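Here are a few exercises to try with the structure open beside you. Work through each task first, then compare your steps with the solution.

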Amino acid sequence: MVELPGRGRTYVVDLPGPSADAPVLFLLHGSATTGMLNWFPMLRELQENYRVVVFDQRWHGRGIRSERFDLDDLADDAVALADVLGVDKPFYAGYSMGGIVAQLIAHRHPDRVAGLILAATTYRFQDKWRERAFHRTWGAVMASMSAMSFRRAELYAARQAELPETSWPVGRMDRWAMREWRSTSGWAISQAVAVLGRFDSSPWLGSVKAPTAVVITTRDRALPVYRQLEMAKMIPGAEIFLAQAGHAACALEADVFVPVFLEAVQSVVNSSRALS
């Protein structure tokens, strides 16, 4: 557990790279999961070339608890963690919600980003009338219950105080995965969905200067493929990588997703080195 001054405590896994000067990669997980549950299939491969930092974001797993769930706070948390770990300009890789947080980091702290890898994510949620109707209704309901959501999330978090297990009996990884998944309160997920529904980076996404790779999950039923592609086209110089998998590809279709993701990370690191 790591204390972020003035912000709170969160669970962090910091894996050393092959050398002291290896590029540092911060991994930002999606909603309804944890850092380790989102990223575990690729940690061994990533650690061969990078120092890898994985942590639980606010209201998720053993992440910071606060009276509100705010995406700007999530972005600032990541930079605060970089300060604590003594990392000036890490690479940020974000999956789904994590990709939204990575966009906000690049927007709010452009001088603290070496590069971005955005996977299975989007730049906005409300486009079609059905989406607008859902998110506006859901947002109104969750706003009226925000205090209750926070209290329930606090009570739930108190029951998850122990550090998570990092190993499991042979053949029973499912038990570990279920414990990780259950470490996030359903009330917290509901609030996160309401906040995410209001996100729209289109007014400023074109100003992102960091080298960027976008991994599009081409069989995604949660985030439309065309919107992932629109996002990629809005970021100057972004390189596109295609993973023929669905929205949970990071864990459930790792054999397809991981090789594409590794290629995207290496591309951004190479681009950053060329600019320095």
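Helices (at least four residues) and strands (at least two) are DSSP runs, numbered from the N terminus. Keep in mind that this is a predicted model.

**Exercise 1. Describe the protein chain as a whole.**

Step 1: Start with the secondary structure, which comes to eleven helices and nine strands.

Step 2: Turn to burial, where buried means under 20% relative accessible area. Of the 276 residues in the protein chain, 55% are buried.

Step 3: Look at the outside. The protein chain exposes about 12,600 Å², and carbon and sulfur atoms supply 54% of that area.

Step 4: Finish with contacts that have a separation of 6 or more. Residues 24 or more positions apart account for 77% of them.

**Exercise 2. Decide whether Thr34 is buried or exposed, and find what it touches.**

Step 1: Locate Thr34 in the loop between strand S4 (24-28) and helix H1 (35-39).

Step 2: Apply the cut-off. Thr34 counts as buried because its relative accessibility is 0%.

Step 3: Leave out residues up to four places away in sequence. Thr34 then touches His29, Asp56, Gly61, Glu180, Ser183 and Thr184.

**Exercise 3. Classify Ile240 and find its partners in a surface patch.**

Step 1: Find Ile240 in strand S9 (residues 239-243).

Step 2: Partly exposed lies between the 20% and 50% cut-offs. Ile240 has 31% relative accessibility, so it counts as partly exposed.

Step 3: Add the partners. Ile240 forms a nonpolar patch on the surface with Leu229 and Leu242, and together they have about 250 Å² of accessible area.

**Exercise 4. Explore the largest pocket and one helix that helps to line it.**

Step 1: Note the space in the largest pocket, about 670 Å³.

Step 2: Look at the lining, which has 32 residues; Ser31, Tyr95, Ser96, His247 and Ala248 lie nearest the centre.

Step 3: Pick out the elements that give two or more residues to this lining; among them are H1, helix H5 (129-144) and helix H8 (186-196).

Step 4: Zoom in on H8, which is mostly covered, with eight of its eleven residues buried. Those buried in H8 include Ala188, Ile189 and Leu196.

**Exercise 5. Find the cavity and name residues that line it.**

Step 1: Count cavities of 30 Å³ or more: the structure holds one.

Step 2: Give the volume of the largest cavity, about 30 Å³.

Step 3: Name residues from its lining, including Leu4, Phe55, Asp56 and Arg58. You have already met Asp56, as one of the residues that Thr34 touches.

How values were computed. Residues are numbered from 1 along each chain as its sequence is written. This is a predicted model: local features need pLDDT of at least 70, side-chain atom pairs count only at pLDDT 80 or more; totals for chains, interfaces and linings use all residues. Side-chain values use heavy atoms; hydrogens and water are left out. Patches are made of residues with over 30% relative accessible area and no salt bridge: like charges are joined within 9 Å, nonpolar side chains (Val, Leu, Ile, Met, Phe, Trp, Tyr) within 5 Å. Accessible areas come from the Shrake-Rupley method with a 1.4 Å probe; for residues, only the protein chains shown count as cover. A salt bridge is a side-chain nitrogen of Lys or Arg within 4 Å of a carboxyl oxygen of Asp or Glu. Buried means under 20% relative accessible area, exposed over 50%, partly exposed in between (1.4 Å probe, protein chains only). Contact means heavy atoms within 4.5 Å. On a 1 Å grid over the protein atoms alone, a cavity is a set of points where a 1.4 Å probe fits but cannot get out, and a pocket is an open set with protein on both sides within 12 Å along at least five of seven lines; lining residues have an atom within 4 Å of a point. Grid points are joined across faces, edges and corners, and a volume is the space filled by probe spheres set on the points.
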